[in-house]
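Hi there,

Here is the structure I promised to pass on. Have a look at it first, and then read my notes below.

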Amino acid sequence: MSKPIPTKARAVIIGGGVSGCSVAYHLAKLGWTDVVLLERKQLTSGTTWHAAGLIGQLRASQNMTRLAKYSADLYTKLEAETGIGTGMRQCGSITVALTEERKQEIYRQASLARAFDVDVREISPDEVKAMYPHLNVSDVVAAVHLPLDGQCDPANIAMALAKGARQNGATILEGVKVTAVHKKDGRVSGVTCEQNGEAFTIETENVVNAAGMWGRELGLMSGVTVPLHACEHFYIVTEPVAGLQRLPVLRVPDECTYYKEDAGKMLVGAFELKAKPWGMDGIREDFCFDQLPEDFDHFAPILEKAVGRMPMLETAGIHTFFNGPESFTPDDRYYLGEAPELKGYWVAAGYNSIGIVSSGGAGMALAQWMNDGEPPFDLWEVDIRRAQPFQKNRTYLKERVTETLGLLYADHFPYRQMATARGVRRTPLHEHLKARGAVFGEVAGWERANWFAKEGQEREYRYSWKRQNWFDNQRNEHLAIRGGVGLIDMTSFGKIRVEGRDALVFLQKLCANQLDVATGRIVYTQMLNARGGIESDLTVTRLSETAFLLVVPGATLQRDLAWLRKHLADEFVVITDMTASESVLCVMGPKARDLMRQVSPNDFSNAAHPFGMAREIEVGMGLARAHRVTYVGELGWELYVSTDQTAHVFEALEEAGADIGLKLCGIHTLDSCRIEKAFRHFGHDITDEDHVLEAGLGFAVKTGKGDFIGRDAVLKRQDKGLSRRLVQFRLTDPEPLLFHNEAVVRDGRIVGTITSGNYGHHLGGAVGLGYVPCKEESEADVLGSAYEIEIAGTRVKAEASLAPMYDPKAERVRA
Ligand SMILES: NCCCC(=O)O
């Protein structure tokens, strides 16, 4: 007999894979006893049952490392807690590098893992051979060993989590399909589900979409964007191999393979470079523990390499050729958090084949997020609010996921760009810039000129952990901005218009700086959360008494819109996304005024157009709103131009700029200039976890203006003092590079990581930002230490500064 379906629940979780079970487990642990998990067929019957179950803690970023470590620790304890054998075995793992570039990557990851107390050691090829005698190590360049990594039985991990959830009061139901999610007053109000042909409704204010490869379709039912698509994932399992002993998990990313010894057999899986999307026209209704047809031709090239790597496979005999669908996302990162479209609609899906190791930590993080109304730490990397509405397009997804499956084991070079499904969002200058040598990168679907190739130079990235082929191009662009004038197309900025009778009151509530300013004034500010953490980093321009323009990074637009809408109470305000209506041309450098005078009859003197003001100007035969602000630390104007006039304004600037050496510059140069000036970058240097005062942005916080979200947290921190500070570092050796996530070493001890880095072409070395703990606010406390940055295991001396190393008094900006 079926169990009764409750009529009310605090949360309904949809999907009984490891992800849903983990969310249920963690919510129940937090005391959410009336949680219901609904699984359309049987627990684990979608993807979980056929996962390889590798628990690897070597991840590309600090928070992914933190979450993977949490999963590894949890799974080790789960059997004792629930009595269900999870097969969790801390057999350790080895990752080998076959190239110098891969060695850099795994050594960098090892440094990062160490910063988070993960047990990891660099080992030689001989040590690999001693641990893994079957392996051909003749071309192994380097390797890392993580003794506490492991493997498990994925289905039993899910079952144990489900049992743990039940033990704490959750209800878990199989054979119940959700047919509708209801909403009332902009938030979730319930779900309708079907069991044995009968419909039931559960009243709830929280739904969790943990539907795996069904996640996109389930989201669409509620107008929620969950861009993911299934791909076929292949592995083989050999016949038992005589004498095969217990072995660590092995990853050979340069050959796209992983190896897992289990019960005397060997499992060999692959993340091939061109994957096969699956389920384009939807997934069969009766899909349950299903496999997909073999495709030996597709797997053969991988197997050939595997046999070369592990010659015993040649005679082992294949017991199982497995092909099963798994879901993949456009950027190879999963989705967590509350959907921007609907309050109370949470997502935990799209695990890109690392669902088992991810779900323990992700379930914990999401449960805490739901419980506290805010994530336990910065989760922007996996936040569902990074998804772009257009990404639900199936043609786009189908093309993109052919690439993302292989990315799991690809070299994660800095600045690596996606090669597929490009060109969806283009600025009006795209063709102009392309014709002038632009090499594009992509953010939030926007094509952006990252750097400009010289005449005759190949217009492609050559990736490396060392200086890439565009290093000198960036240097020339950077120095043009520092010494002359450069033009950067920043049309991808998100532009949000907030207007109406209560616009000022509303924005004063959300922003930490004073916005009650004269029309035309531009204010740099942050939106804070109640902890004083930074939710958004933006400029607000007062366009009139009742209208404001908010300018935010392109990547955070959906997040920022959601934050604004979430906090709209009874204020009379309209919020409109204006991003596509205006382009932004940044004219930056000491000669910017000379250029503006050539193309416009307006007055660009300090008296007529001071820093921090926006004015309508004439340019050529068109109009622009010139904002005197800068993200590169120079004199300059951001020109906001209606999209229809953009090409004309660009051509006028280009023609006038020919005589004064106007240089087209890319986003890489924007970044190298801003890091010299220590301007913060949201998502890296400043996140919802970082207190605005510790981020060094106290100058933009006005507690005297009246109440705003985060004010109490600011006052409290002022009272209590800071416990860490954001510091700018410059490597004294001009050769090594900083990207981000390198360990910061203070007086010989790892104290943090580099939050963002680039090359300071003016300062003559790599520059990065990073938080360091401090006992008191005094500069002497922070700066009176010896600093080094650990890059791929090597420590490099660094100078530290709290003030920007470039133009500390901001004299150039106001020149
Ligand atoms: N699903 C396979 C996981 C691969 C890995 O952890 O490297």
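UniProt, in an unreviewed entry, lists residues 429-705 as "domain: GCVT N-terminal". Please keep in mind that this is a predicted model. Within it, the span 429-705 is 24% helix and 28% strand, and its end C-alpha atoms lie 41 Å apart.

Next, the ligand. Which residues surround the ligand? They are Leu-54, Arg-251, Tyr-258, Phe-271, Ser-353 and Tyr-409. By class, this shell comprises four nonpolar residues, one polar and one charged.

Three of these residues make polar approaches that you may like to find on screen:

- Arg-251 places a polar side-chain atom 2.6 Å from an oxygen atom of the ligand.
- Ser-353 uses its backbone instead, with a polar atom 2.7 Å from a ligand nitrogen.
- Tyr-409 has a side-chain N or O atom 2.5 Å from an oxygen atom of the ligand.

On its own, the ligand has 250 Å² of accessible area, and the protein covers 95% of that.

I also looked for enclosed space. The whole structure holds three cavities of 30 Å³ or more, and the largest has about 110 Å³ of space. Its lining is made up of 13 residues, with Tyr-415, Trp-470, Phe-471, Leu-737 and Phe-739 nearest the centre. Helix H12 (471-483) and strand S36 (749-760) are the elements that give two or more residues to this lining. Sorted by class, the lining of the largest cavity has eight nonpolar, three polar and two charged residues.

Happy to talk it through whenever suits you.

Best wishes

Note on methods:
Residues numbered from 1 in each chain as written. Predicted model: local features only at pLDDT ≥ 70, side-chain atom pairs only at ≥ 80, totals over all residues. Heavy atoms only, no water. UniProt positions renumbered as here; feature names shortened; annotations may be inferred. Helix = DSSP H or I, 4+ residues; strand = E, 2+ residues; numbered from the N terminus. 1 Å grid on protein atoms, 1.4 Å probe; cavity = no way out; pocket = protein on both sides within 12 Å on 5 of 7 lines; lining within 4 Å. Points joined across faces, edges and corners; volume = space filled by probe spheres on them. Nonpolar A, V, L, I, M, F, W, Y, C, P; charged D, E, K, R; others polar. Near = heavy atom within 4 Å. Polar contact = N/O pair within 3.5 Å; in protein donor to acceptor, adjacent residues only side chain to side chain. Areas by Shrake-Rupley, 256 points an atom, 1.4 Å probe, with all protein chains shown as cover.
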